[in-house]
Amino acid sequence: MLKSVDEDAGTARSEVALPSEDQARSDRPGRVMLVFKALLQTALAGLIVFGAYEGMNYFVLTKPEVPTRQAREMVYTVETAPVEIRDHAPMLSLYGEVQAARSADLRALVAGEIVRVNPALDAGATLDAGDEIVAIDPFAYRGAVTEARANLAEARAQLVEARGRLETETGNVARAEEQLAFAERDLDRAEQLQGSGAVTERAVDERRLLVSQRRQAVDQRRNALAIEEARIDQQQAAIERLEWRLEQAEKNLDDTVLKAPFDAVVQSEAAAVGRLVNVNDVIATLYDRNALEVRLTLSDNQYGRILSDEASVIGRPVEVLWFIGGEPVRYSGEIVRVGAEVALARGGIDVFARVDVAEGQPALRPGAFVEVRVADRTYPQTARIPEAALYGTDHVYVVVDGRTERRSVTPRAFDGAHLIVDGDLRDGDVLVVTRLDEAGEGVRVSDPATRAPAGEAAPGGAGAAPGTGGSQ
């Protein structure tokens, strides 16, 4: 039975796979029509593409010519600056601290009670030289002056008495010498008469005794005169001592009033009416408002360069800038001394510059942090140019007949945003300051300040600027 089923299936497949001849003849015309349509569509598409190509070529070939303008040379607008060849000294920008060059602790020179205080004696207040600060009770010191004057007057009176006695003794010596002379002449006569027998030997001896007595009297008077002279010397010494005591008493009296020794600013004070002070007690601390200086530190290289310059470090002018309220206040000054040793902690050498405060300027205060500008060493016959004008490390561009020309230079020092250079530059050259991306020889430039090509004079003082930007 299985065999019968397989045979039936095989017969069915034969019938499906092998169509009849009539059916094949009926499908042939449809296939030909389909092929013809495909070929026709392909030919139409090709014709359309070919027509488009030919049309494009026609329009391209028959396009009218558009008139063109000749391209202009590009002109760069730049800023220029004239070159000045002279001696240049770059400015060093340093920082320092203001300090008082002179200050003083005013101490009580005598002891006593404070009876008067200057109302302006407060920290930060200003005092003029000679202004009274405090006064100490002068009663005891006036009494000492009175006593010293009385003692001196008494000693001077005693000196007058001693000089009178000296004059008396001087007269006594003179008279005693006269009496001695008389006695000696009388003795000579007696000795002459003794030879003739007119005078006895006893009379001669009496005269000799008288001469001896007169000599003794002269010696006594001379000793008395010497004593009076010594007393006068002693009295003069006593007078000198009493004069010194009077001066000391007067000085102590003057010292009861303490005064400002210079134009000062009060830094601190410790005075009040009724306070008992002893000698050497601090009353106030002042600093001289006209003797302010700035301490700044120069590195070894900076100090060496300045030291090698023709100008000395001492006396070199400086500019001091104190930034208060957002705006700098400028003061002038000069270096007055150099530190005694190298400041290792600050890495250089300390120098001190005195600051001059002009009338109307804010008063500087010790401790203020300031900027100090001081001239570095001088570079002779150099040019000072903006840093942006240097290309690479060795050349700049100047303008000659409206075009750039390369010049070789050698930088020597920095001066803020400028350079000190020397090289192939001449006084009066026009330097290109604006930075050009396409810098080179022969680039045409224009300076808007003159409205004419840089390096050329504008006719009539003005001229039409050439076009800038790209080609036209």
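**Exercise 1.** Is aspartate 186 buried, partly exposed or exposed?

Solution. Step 1: buried means under 20% relative accessible area, exposed over 50%, and partly exposed in between (1.4 Å probe, protein chains only). Step 2: aspartate 186 has a relative accessible area of 22%, so aspartate 186 is partly exposed.

This is a predicted model, in which local features need pLDDT of at least 70, side-chain atom pairs count only at pLDDT 80 or more, and totals for chains, interfaces and linings use all residues. Residues are numbered from 1 along each chain as its sequence is written, and side-chain values use heavy atoms, with hydrogens and water left out.

**Exercise 2.** Find which stretches have pLDDT under 50 or below 50.

Solution. Step 1: pLDDT is the predictor's confidence in each residue, from 0 to 100; its mean over the chain is 82, with 87% of residues at 70 or more. Step 2: residues 1-18 stay under 50 and have zero contacts (heavy atoms within 4.5 Å) beyond four places in sequence. Step 3: residues 451-472 are also below 50, but this stretch has 43 contacts beyond near neighbours in sequence. Step 4: where pLDDT is low, the predicted coordinates should not be read in detail.

**Exercise 3.** Place the salt bridge between arginine 189 and aspartate 186 in the fold.

Solution. Step 1: a salt bridge is a side-chain nitrogen of Lys or Arg within 4 Å of a carboxyl oxygen of Asp or Glu; here the N to O distance is 3.5 Å. Step 2: both residues are in helix H3 (residues 139-194), where helices are DSSP runs (H or I, at least four residues) and strands likewise (E, at least two), numbered from the N terminus. Step 3: being three residues apart, the two are separated by about one helical turn. Arginine 189 is partly exposed, at 46% relative accessibility.

**Exercise 4.** Determine which parts the pair arginine 289 and aspartate 128 ties together.

Solution. Step 1: the closest N and O atoms of this salt bridge are 2.8 Å apart. Step 2: arginine 289 lies in the loop between strands E12 (282-288) and E13 (292-298), and aspartate 128 in the loop between E7 (126-127) and E8, so the bridge ties together parts 161 residues apart in sequence. Step 3: arginine 289 is partly exposed at 26%, and aspartate 128 is partly exposed at 40%.

**Exercise 5.** Locate glutamate 319 and arginine 330, which form a salt bridge.

Solution. Step 1: their N to O distance is 3.0 Å. Step 2: glutamate 319 lies in strand E14 (residues 317-324) and arginine 330 in strand E15 (residues 327-343), so the pair ties together parts eleven residues apart in sequence.
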